[in-house]
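This briefing is for a reader who is new to the structure shown below. Please look over the sequence and the model before reading the points that follow.

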Amino acid sequence: MRLESGGETVDRRSVLQVAGGVGTLGLAGLAGCQGGGSRTENTPEHPPLGNYPVDGDTVTLGFNVPQSGPYAAEGRDELRGYELAVSHLNEGGGWVGQGSFDMLSGDGILGKTVESITMDTKTKPEVATANAEEMIEQDDVVMFSGGSSSSVAIAQQEVAQAEKVPYMCCLTHSNDTTGADCVRYSFREMFNAYMTAQALRPVLTERFGQDTQYVQIYADYTWGETMEASIRDFFTANGWIELTSIATRLGTTDYEVPLEQARDAGAEVVFLNHYGLDAANSLTTAQEILPDEVEIVVPLYNRIVARNASKALDGVVGTVAWDTSISSDRSNDFKNAFTAEYGNEQQPSGVAHLAYAQTLQYAAAVERAGTFYPPTVIRELEDHDYSVGLGSQTMRACDHQAQRGVPVVEGLPESEQSRGRFYDLLNVTNAVGYECDSGPATECDLGAYGD
């Protein structure tokens, strides 16, 4: 099967290739076939499950990302992160052999060379589901990853649970991913909408006071809905007054009417619960329609959104998955490896960081387990303590939600923006999270391991 992506025909069975990337990776001649320091799994110790056992000298990972649709730009950066991770797993570099990933040695995973395939979700759950099933059934992937839309991620993790093949979420921010729709075979590194609202409340309350009147304009699907609910839960409890809440269709380009409604309602603050190209469009339109005294908050945005709406960023507060301005060993290692591969003009976004982190998390868990047997790998991930550059964090066992810091940022005026720098990091808020008997976790029932 061949895919049409970005005007080019891509062989989906080939090892991951991305425009502007490092090219073909993971062929049989790479270091993984030579053995090395990693343990190998020669004789299966468990009954067949999912795509276990793994035969031969290679192992395949699947990357199911939006290469078209409203989140296509995020998808391109995800692919760069995945591509870099595969390269480092096979050849060393980056986090391999460092910190929480010191069990990785650059000779693949358990001595098997890592290959990868990619497919285009088109930012549609039904397409993502079909892709995931095909990668599992035809390509024997032992793990797959991807996202950039929570509805797409939730669809994929349902496949993971049914087929007993681990899914490592990339970008998904809905509470439901590790709440009402959680599954045993999926893990999320990204924080959720509930944690974003927790992180924003002290920053915005200090800035705007206790009785601010606000309006929410939100994307009408699982992420936007849980973001809207989380903002309401945390801010109305803090004395803020919600004047109205307005749903918008994913992928729309016309935000004039809802923004005029927000203006006419008398909002002092407008939350734009949009992402990707939608966020860039709504933010740009908001700066044209809303009076100067009305403050704008984009609860979740990133470097790609900022680049596309650079003239409209001044003073806009929000959260990001990760940013190059965060200085730590793991952050700096990733940033340096990414720019060395793709050039200084291609600064990594939080999406690329998530893709890279989740790929290496899976590989490290397999190495610790000494097997690709899914239930054993899952147990290695559960309650695992680690760092991806944001301080100490835990992949919680009760809901598979990473307990981690949330970076809060503020957009810079265009005159102060420079190469790859669109906002100031206000802080990395670590005083967020919730117990397993509260918040979205109360709705989580992970299901069986399958062994």
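The points below cover the annotated region, one helix pair, the salt bridges and some individual loop residues.

The model is predicted. UniProt, in an unreviewed entry, lists residues 58-410 as "domain: Leucine-binding protein". Over residues 58-410 the chain is 43% helix and 19% strand. The C-alpha atoms at the two ends of residues 58-410 are 45 Å apart.

**Helix 1 and helix 9**

- Helix 1 covers residues 72-91 and helix 9 covers residues 329-342.
- The two helices pack at an angle of about 100 degrees, and their axes are 11 Å apart.
- Angles of 65 to 115 degrees count as roughly perpendicular, and helix 1 and helix 9 are therefore roughly perpendicular to each other.
- On the side of helix 1, the contact is made by Asp77, Arg80, Gly81, Glu83, Leu84 and His88.
- On the side of helix 9, the contact is made by Phe334, Ala337, Phe338, Glu341 and Tyr342.
- The residues of this contact between helix 1 and helix 9 divide into five nonpolar, two polar and four charged.

**Salt bridges**

- A search of the whole structure finds 13 salt bridges.
- Arg80 forms a salt bridge with Asp77, and the closest N and O atoms of the pair are 3.0 Å apart.
- Arg80 and Asp77 both lie in helix 1, three residues apart, which is about one turn of the helix.
- Arg80 counts as buried at 13% relative accessibility, and Asp77 is buried with a relative accessible area of 2%.
- Both Asp77 and Arg80 are also among the helix 1 residues that make the contact with helix 9.
- Arg404 forms a salt bridge with Glu189, with the closest N and O atoms 3.4 Å apart.
- Arg404 lies in the loop between strand 15 (402-403) and strand 16 (406-411), while Glu189 lies in the loop between strand 7 (186-188) and helix 4 (193-208). The pair of Arg404 and Glu189 therefore ties together parts that are 215 residues apart in sequence.
- Arg404 is buried, with a relative accessible area of 3%, and Glu189 counts as buried at 1% relative accessibility.
- Arg232 forms a salt bridge with Glu228, and the closest N and O atoms of this pair are 2.6 Å apart.
- Arg232 and Glu228 are four residues apart in helix 5 (residues 222-236), so about one helical turn separates them.
- Arg232 is partly exposed, with a relative accessible area of 27%, whereas Glu228 counts as buried at 11% relative accessibility.
- Glu228, Arg232 and Glu242 are joined into one network by salt bridges that share partners.

**Gly405**

- Gly405 is found in the loop between strand 15 and strand 16, and Arg404 lies in the loop between these strands too.
- Gly405 counts as buried, at 2% relative accessibility.
- Leaving out residues up to four places away in sequence, Gly405 touches Phe191, Leu390, Val428, Thr429 and Asn430.
- Gly405 and Val159 are 246 residues apart in sequence, and their C-alpha atoms are 29 Å apart in space.

**The loop between strand 2 and strand 3**

- Pro44 is found in the loop between strand 2 (8-11) and strand 3 (58-65), and Pro53 is found in the loop between these strands as well.
- Pro44 counts as partly exposed, at 43% relative accessibility.
- Apart from neighbours within four places in sequence, Pro44 is in contact with Tyr52 and Pro53.
- The peptide bond from Tyr52 to Pro53 is cis, with omega near 0 degrees.
- Pro44 and Asp55 are eleven residues apart in sequence and 9.7 Å apart in space, C-alpha to C-alpha.

**Positive phi outside glycine**

- Lys164 is a residue other than glycine with a positive phi, near 60 degrees.
- Lys164 lies in the loop between helix 3 (150-163) and strand 6 (167-169).
- Lys164 is buried, with a relative accessible area of 19%; the cut-off for buried is under 20%.
- His400 has a positive phi of about 60 degrees although it is not a glycine.
- His400 lies in the loop between strand 14 (393-395) and strand 15, and His400 is buried, with a relative accessible area of 0%.

Conventions:
Residues are numbered from 1 along each chain as its sequence is written. This is a predicted model: local features need pLDDT of at least 70, side-chain atom pairs count only at pLDDT 80 or more; totals for chains, interfaces and linings use all residues. Side-chain values use heavy atoms; hydrogens and water are left out. UniProt positions are given in the numbering used here, feature names are shortened, and annotations may be inferred rather than shown by experiment. Axes are lines fitted to C-alpha atoms, for helices over the stretch in contact, and angles run from 0 to 180 degrees between N-to-C directions. Angles under 35 degrees count as roughly parallel, over 145 as roughly antiparallel, 65 to 115 as roughly perpendicular and the rest as oblique. Contact means heavy atoms within 4.5 Å. Ala, Val, Leu, Ile, Met, Phe, Trp, Tyr, Cys and Pro count as nonpolar, Asp, Glu, Lys and Arg as charged, and the others, Gly among them, as polar. A salt bridge is a side-chain nitrogen of Lys or Arg within 4 Å of a carboxyl oxygen of Asp or Glu. Buried means under 20% relative accessible area, exposed over 50%, partly exposed in between (1.4 Å probe, protein chains only).
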